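This report describes how the parts of a modelled assembly meet one another. Please look at the structure before reading on.

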Protein chains: 2
Amino acid sequence: MDRDSTPRAADLAGDLDPRGPIARPSLHEAIVTRVRDMIIEGILAPGTRIHEGNLGKELGVSRTPLREALKFLASEGILELSPGRGAVVRQFTPKDVHDSLIVLGGLEGMAGRLACQHATDAEIREVRQLHDRMIEMYTKRDRLPYFKLNQGIHAAILHLSKNEPLMYLHGILQGRLRRIRYIGHEGPEKWAAAVADHEDIIAALEARDADRLASALAAHMERSWDRIRDGL
Amino acid sequence: MDRDSTPRAADLAGDLDPRGPIARPSLHEAIVTRVRDMIIEGILAPGTRIHEGNLGKELGVSRTPLREALKFLASEGILELSPGRGAVVRQFTPKDVHDSLIVLGGLEGMAGRLACQHATDAEIREVRQLHDRMIEMYTKRDRLPYFKLNQGIHAAILHLSKNEPLMYLHGILQGRLRRIRYIGHEGPEKWAAAVADHEDIIAALEARDADRLASALAAHMERSWDRIRDGL
DNA sequence: AAACAGAATTCTGTATGCAGCATGCTTGCG
DNA sequence: CGCAAGCATGCTGCATACAGAATTCTGTTT
């Protein structure tokens, strides 16, 4: 509020340190991300009941903030709350995964359409650069950087939509599926097809062809399902 | 699990009481819906800090379950958490509302496409019946039942998609906007246009014309924005 | 008179303790 | 020997108590 009225310390810090004010991650946030990661990495397997006492002791926090974090994660759909029985790591059926991927494709399609309208040429070039670096990693068969760049491109398109609610919903669904995708079912055989998909996507974005971009993203997601469906 | 192996008590209860097992609404759930309603009805205005002590005393619960409910609502995006400063009722800018409506239209469009594939004829007839009753309320100028039936039709279309994640995301966004729509900006002048939109929507659904249904739903949402934009 | 420093108050964040319910085991009976 | 009822244990749900941070008020200083 009215930061210009006290220009000294605030602007000095602002100029010298573009990182802004020091924001320690609150314990709440720390626990949430920690537990979420534990679920994604499979340390907490789907279907397992979460023991508040043990988990709290293991994380070095008392039950109260841990319980609050569990409620938070339950709202994301990663956990299920059975009254009197505590929190259980949610199991996703193959249909759940498929349905989620369909919606995810639709959301990215929406984002693509909006990006064609709202993105600047410079921003699109940045996505192209991400893509080029991804291709580089692909030719080197360097899987982990490839995977991260892949995710980064999708996130970038969402960002270009400049639609916060859209990004939010996408993030929720993405979070649910990260567990599935983390395992990395994607066999190297079909790797090439995914790269080809991405080439289409970037081309459509550069041409600002909204319809083509949307259908390319949806198709990409459909093929992603084909890649992981066998792993259930 | 294997209910048929012990047919006596279980099936007896199941046959006699179709309501299933007794499910008391947990206090957690009760508080969540209560506070959410308070926000929707404007009792807790956007921007206000939530005072845990007072609100807890008012609801007759201690701070612990209340705090858990607040975290839950924060995950839905209805509240914001400022570390050290507690929870604040989120304010939505006009852009937030517009962006949300765009996404909402897109989600309903997706649902419409899926409904055209998956819905049975009987289910579509049920939606038509909802529509007819809505028209009836419209001709009587009976606003509240009209509003509820209107919401019901949209919910029904989502349901016909038979895609749980889609319904879930729609519910979140819908929940955020209910506060805005609850006020009831919709002037009676433009009422007729909304009814005409719905007529289109039902017709497209009955024809199972996915493209037409999707665009009708998106357009309907776009016009909904025109109706409420003046009220900020 | 305005502004700053300091103290007091108040509220959030966390820990702990207790009550109620769910679960697993043991024992008694058919 | 099988089954069921009762009992014991352990966990969740909630309340309360305490510590630390934020805010506000007051008194002093320039």
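In this predicted model, 24 residues of chain B are in contact with 24 residues of chain A, two residues being in contact if their C-beta atoms, placed from the backbone, lie within 7 Å. On the side of chain B that touches chain A, helix 4, helix 5 (94-118) and helix 8 (164-182) of chain B each supply at least two residues, where helices are DSSP runs of H or I with at least four residues, numbered from the N terminus. Residues are numbered from 1 along each chain as its sequence is written, while chains are lettered from A and ligands numbered from 1 in the order in which they are written. As the model is predicted, local features need pLDDT of at least 70 and side-chain atom pairs count only at pLDDT 80 or more, whereas totals for chains, interfaces and linings use all residues.

Around DNA strand D there are 17 residues, with E52(A), G86(A), L27(B), S62(B) and T64(B) the closest; a residue is near a strand if its C-beta atom, placed from the backbone, lies within 6 Å of it. Two or more residues each come from helix 3 (52-59) of chain A and from helix 2 (27-40) and helix 4 (63-76) of chain B, and helix 4 of chain B gives the largest share, three residues.

DNA strand C is surrounded by 16 residues, of which L27(A), S62(A), T64(A), G84(A) and G86(B) come nearest. Here the largest share, three residues, comes from helix 4 of chain A.

The table gives residue classes, with Ala, Val, Leu, Ile, Met, Phe, Trp, Tyr, Cys and Pro as nonpolar, Asp, Glu, Lys and Arg as charged, and the others, Gly among them, as polar.

| Surface | Nonpolar | Polar | Charged |
|---|---|---|---|
| Side of chain B that touches chain A | 10 residues | seven residues | seven residues |
| Near DNA strand D | four residues | 10 residues | three residues |
| Near DNA strand C | four residues | nine residues | three residues |
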